[in-house]
Amino acid sequence: MSENLTLRTAIVAVVIFIGLLFLMPNVVPKMPAWWPGFLPSDKIRLGLDLQGGMHLVLEVKVAQAVEASVERTAQELERRLKSEVRATRPKAIGGNQIAITVAGENDLAKLKDIIENQYSNDYEIASTKPLDRGRSEVVLRLKAEAIADIEKQASAQALEVIRNRIDQFGVAEPEIVPQEGGRILVQLPGVKEPKRALALIGKTAQLEFRLVDDTIDANSATMDSIPPGSQLLQMYRKDPITGRTVKSPIVVRARRAMTGENITDARVRPDPDYPGNYLVLVAFNSRGAADFAEVTTKNVKRRLAIVLDGKVQSAPTIQEPITGGEARITGDFGLDEAKDLAVVLRSGALPAPIVVLEERTVGPSLGQDSINQGFLSMIVGFGVVVLFILIYYKASGIIANMALLANLVLILGAMGLLGAMPEFQATLTMPGIAGIILTIGMAVDANVLIFERIREELRAGKTPAAAVEAGYGRATMTILDANITTLIVALVLLQFGTGPVRGFAVTLSLGIASSLFTAITLTRVVFDWILRKYQPKKLSI
C-alpha cells in the first residue's frame, strides 16, 4: 500500500510539474536564457477569432484548368502530327474539344491511329466530317472521367500552391481547408496587411515568354487588325516622374516560346539599370534551361516579352544566347512587389484562377475584446464553481478545488505543447475557451459523484478510509462511462471538424483526459495521504 501510494504520488507530481513547465511561457513575460530548447517557449497560439486576421473563402475556376489542359494537348498534338500527318494546326474549341482538319484519307487514318494509341485514355473522337477536296474535320473530345480528374487535381494543386505561398509569406498557423465544389477556406490569424496577403494568394502567376512581333505597329493595331498567330497585349510600366503606372500596347506571338513551369528558384535583386527598383532572378531546371537556351539562341536581336498573368512586364532584346539557366524579370517592382512575385514563382503557378467568394477581416481590437470576454467568462465560471464546492463540501472541497486548478494547468499546458508542434498546430479559439469551461463543469460533476458516494458510505456507518475506498470504487465506472463517450464524440469532431469546431474539440478532448486524471487519481492520492498521515475519525465532506 505504501509503495503504491508513493508511486501514484510521484506520477501525479511529475504530470503536474510537466504541465507547469509547458504553461510557463504563458505566465512569464520573457523566457530565461537557460530555458531548454526542447521545451515550448512560445505562448499559446490564438485563433483568428481571438487575435484578428483574415477569413477567406476562395473558389478555384476549375473549368479554366480544363481549358488550359486542352490547349496544352492541342499544342502537343501539333508537334506530334508535324512530321506524320498533313493537317491544320489543332485548335481548342468549346472548352473541352480539339478540332483538326486533315488533308486526305491516309492522313485521317494516321490521325486516328495516333489518337487511339496515345490519347485514348483521355480523349475520344466526337465527330468526323468530310470536307471538300478530300479533307476531313476531326473533333476530339475530352472524356468526362478525364475532366473530373483535371478538376480534382486543379483543386488539390491550388490548395498546395496557396499553402506554400502563405507559408513563405510568414503567417503563423494558417487554416487552409478544402471544401466542397473546389472551394478553399483560408484563415490567416494576425495578418496586418490583408490587401497584400490577398494579392499574394490570388495571383495566378502564369509566367510566359513570348516573342514580340515587331513587324506590326502596336500603336495603330487593334484586336481586329491583328493577324492570326499574333496577339495584342499591354505592357505596364511605372512613370519615373509621376510614379503612376502607365500601359502601352505591344504585339506578341500568340504561341508561347516557353512557360515558367520549370522554374526552380526565384530571388530578389536590386535592378542595376533602374536604381530604387528591384528585379526577380529566376532559375530553371535542366529542361527549362535547355528550352530557354534554345529560344534565346534562335532569336538573338529579337525582343522577348515576359508575360505574367496576361500582362507584359518587360520586353528586353535578346543580345546573345542565354545558356546559364537563369532569366531576369524586370518591371518597375518595389521591394515588397518583387518579394511577393518571387514567392509566387517559387511556389508555382495556380492551375486556374481563383475568385474570392467571401472575405472578412477581424480587427485586432475586436480580437482583444474577444480575449478579454472569453477569459473573464472562464475566470468567473471557475470562481463560482470553486466557491460552491468549498461551501458544499467543506474541507474536502479544498481537495476538489485543487483538482480543478490542476485540471486547468494541464489543459493550458497541453495547449502550449501542441501549439509548438507543427504536426498538431493547436490554437486556442473562442469555442476552445467554451470547451475549457465545459470540461471544468464535467470535472466538478466527477467530484460530485465521488463525494456523494463517500457521503452515502459514511452515513451507512463506515470509517473514513472505508468510505473513501467504496466511494471511489462505486463512482469510477460511472465517471469513465460518461467521460469516455464524450471523449469519443470530441475525437470525431477533432478528426472531421474544421475551424471553430476543431478548436472546441481540441480543448474538450484535452479537458476530458485531464479531468479524468485529476478527479480520479489526483484527489484519491490526496485523500489517501490525509487518511494515512492523520487517520481522522470523521471526514469533513
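Here are some exercises with worked solutions on a predicted model.

**Exercise 1. Work out the order of the strands in the sheet that contains strand S7, and find which strands lie at its edges.**

Solution. Start with the order: this open sheet has 4 strands, arranged S6-S7-S1-S17 with antiparallel pairing. Next, look at the ends of that order. Strand S6 (175-179) and strand S17 (354-362) are the edge strands, each pairing on one side only. For the geometry, neighbouring strands here are turned by 15 degrees against each other on average, direction ignored.

Now add the helix. Helix H6 (residues 194-202) packs on this sheet and touches strand S1 (53-60), S7 and S17. The direction of H6 makes about 25 degrees with that of S1.

**Exercise 2. Describe the pairing of strand S7 on each side, and decide whether the strand is enclosed or open to its surroundings.**

Solution. Take the S6 side to begin with. S6 and strand S7 (residues 183-189) pair in the antiparallel sense over 5 bridges, and Val 177 stands opposite Leu 185 in S7. The hairpin of S6 and S7 has 3 residues between the strands, and in it Gly 181 takes a positive phi near 70 degrees.

Then turn to the S1 side. There, 7 bridges join S1 to S7, again running antiparallel. Leu 58 stands opposite Ile 184 in S7.

Last, check burial, for which the cut-off is under 20% relative accessible area. Of the 7 residues of S7, 6 are buried, so the strand is largely enclosed by the rest of the structure.

**Exercise 3. For the sheet of S2, S3, S5 and S4, explain why one side of each edge strand lacks a neighbour.**

Solution. The order in this open sheet is S2-S3-S5-S4, with antiparallel pairing. Strand S2 (91-93) and strand S4 (123-130) stand at the edges; each has a single partner strand, so one side of each is left without a neighbour in the sheet. Neighbouring strands of this sheet are turned by 30 degrees against each other on average, direction ignored.

To see one pairing in detail, follow S2 to strand S3 (residues 97-102): 3 bridges join them in an antiparallel run, with Ala 92 opposite Ile 98 in S3. A helix completes the picture: helix H3 (residues 62-81) packs on the sheet, touching S2, S3, S4 and strand S5 (136-142). The direction of H3 makes about 25 degrees with that of S3.

**Exercise 4. Compare the span of helix H5 with its expected value, then list its buried residues.**

Solution. Helix H5 (residues 144-169) has 26 residues. From first C-alpha to last, H5 reaches 37 Å, close to the 38 Å expected at 1.5 Å a residue. Its buried residues are Ala 146, Ile 147, Ile 150, Ala 154, Ala 158, Leu 159, Val 161, Ile 162, Arg 165 and Ile 166.

**Exercise 5. Locate Asn 299, classify it as buried or exposed, and identify its contacts.**

Solution. Asn 299 sits in the loop between helix H7 (286-298) and strand S14 (304-308). Its relative accessibility is 10%, so Asn 299 counts as buried. The side chain of Asn 299 reaches the backbone oxygen of Val 295 at 2.7 Å. Leaving out residues up to four places away in sequence, Asn 299 touches Leu 211 and Ile 318.

Finally, follow the chain into S14. Here 3 bridges join S14 to strand S15 (residues 311-314), running antiparallel, and Ile 306 has Ser 314 as its bridge partner in S15. With 2 residues between the strands, the hairpin of S14 and S15 has Asp 309 at a positive phi near 55 degrees.

Conventions:
Residues numbered from 1 in each chain as written. Predicted model: local features only at pLDDT ≥ 70, side-chain atom pairs only at ≥ 80, totals over all residues. Heavy atoms only, no water. Pairing = 2+ DSSP bridges. Axes fitted to C-alpha atoms, helices over the stretch in contact; angles between N-to-C directions. Contact = heavy atoms within 4.5 Å. Expected span 1.5 Å × (residues − 1). Buried < 20%, exposed > 50% of the residue type's maximum accessible area, 1.4 Å probe, protein only. Polar contact = N/O pair within 3.5 Å; in protein donor to acceptor, adjacent residues only side chain to side chain.
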